[in-house]
Amino acid sequence: MDPETAQTARESLDLAFHMSNILDTGLDRHTLSVLIALCDLGVNPEALAAVVKELRKEKPSLSSSPSAAPSLP
């Protein structure tokens, strides 16, 4: 990736992260980056949102289990 393209990508992620914070989504920069990349690959954004919501619902039960895998942010 050339420097100009990389800079544009960083600025776009910064803007998306800022909007995410304004909307109080609770997404960290890395998670948001992954979700954007998945959308760029053609994954349905509504399906991704449903998955994130479902994982957040399951997070309390995962963190209470002693052998649970690391939870999502």
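**A tour along the chain, starting at α1**

Select D2 and E4 to begin: D2 caps the N-terminal end of α1, with one of its side-chain oxygens 3.0 Å from the backbone nitrogen of E4. Keep in mind as you go that this is a predicted model.

Now zoom out and color by element. You'll find 3 helices and 0 strands, and walking from the N terminus the order is α-α-α. The chain has 73 residues, and buried ones make up 15% of them.

Next, switch to coloring by confidence. Across the chain the mean pLDDT is 87, and 82% of the residues reach 70 or more. Where is confidence lowest, and where is it highest? Helix α3, residues 45–64, has the lowest mean at 85, while helix α2, residues 29–40, has the highest at 96.

Back to α1, which covers residues 3–22. Pick its first and last C-alpha atoms: the helix has 20 residues and spans 29 Å between those two, close to the 28 Å expected at 1.5 Å a residue.

Show side chains on α1 and select A6, L13, A16, F17 and S20, the buried residues of this helix. Why do they sit on the same side of α1? Look down the axis: they cover an arc of only 100° around it, which puts them on the same side. A bit of background helps here: an α-helix has 3.6 residues a turn, so residues three or four places apart point the same way.

What covers those buried residues? Turn on α2, which is part of the cover over the buried residues of α1.

Then rotate to the face of α1 turned away from its buried side. Select E4, L15 and I22, which are exposed residues on that face. E4 is one you've already met, as its backbone nitrogen is the partner of the D2 side chain in the cap.

Move just past the end of α1 and select D24. This residue is in the loop between α1 and α2. Check its backbone: phi is positive, about 55°, although D24 is not a glycine. Is D24 buried or exposed? Its relative accessibility is 66%, and exposed means over 50%, so D24 counts as exposed.

For a last stop, show the surface of the whole chain. About 5,800 Å² is exposed, and carbon and sulfur atoms supply 63% of that. If you'd like to draw contacts too, take those with a separation of 6 or more: residues 24 or more positions apart account for 20% of them.

Methods
Residues are numbered from 1 along each chain as its sequence is written. This is a predicted model: local features need pLDDT of at least 70, side-chain atom pairs count only at pLDDT 80 or more; totals for chains, interfaces and linings use all residues. Side-chain values use heavy atoms; hydrogens and water are left out. pLDDT is the predictor's confidence in each residue, from 0 to 100. Helices (H or I, at least four residues) and strands (E, at least two) are DSSP runs, numbered from the N terminus. Buried means under 20% relative accessible area, exposed over 50%, partly exposed in between (1.4 Å probe, protein chains only). Contact means heavy atoms within 4.5 Å. Accessible areas come from the Shrake-Rupley method with a 1.4 Å probe; for residues, only the protein chains shown count as cover. The expected span of a helix is 1.5 Å times one less than its number of residues. The arc is that of the directions from the helix axis to the C-beta atoms. A polar contact is a pair of N or O atoms within 3.5 Å; within protein, one must be able to donate a hydrogen and the other to accept it, and residues adjacent in sequence count only if both atoms are side-chain atoms.
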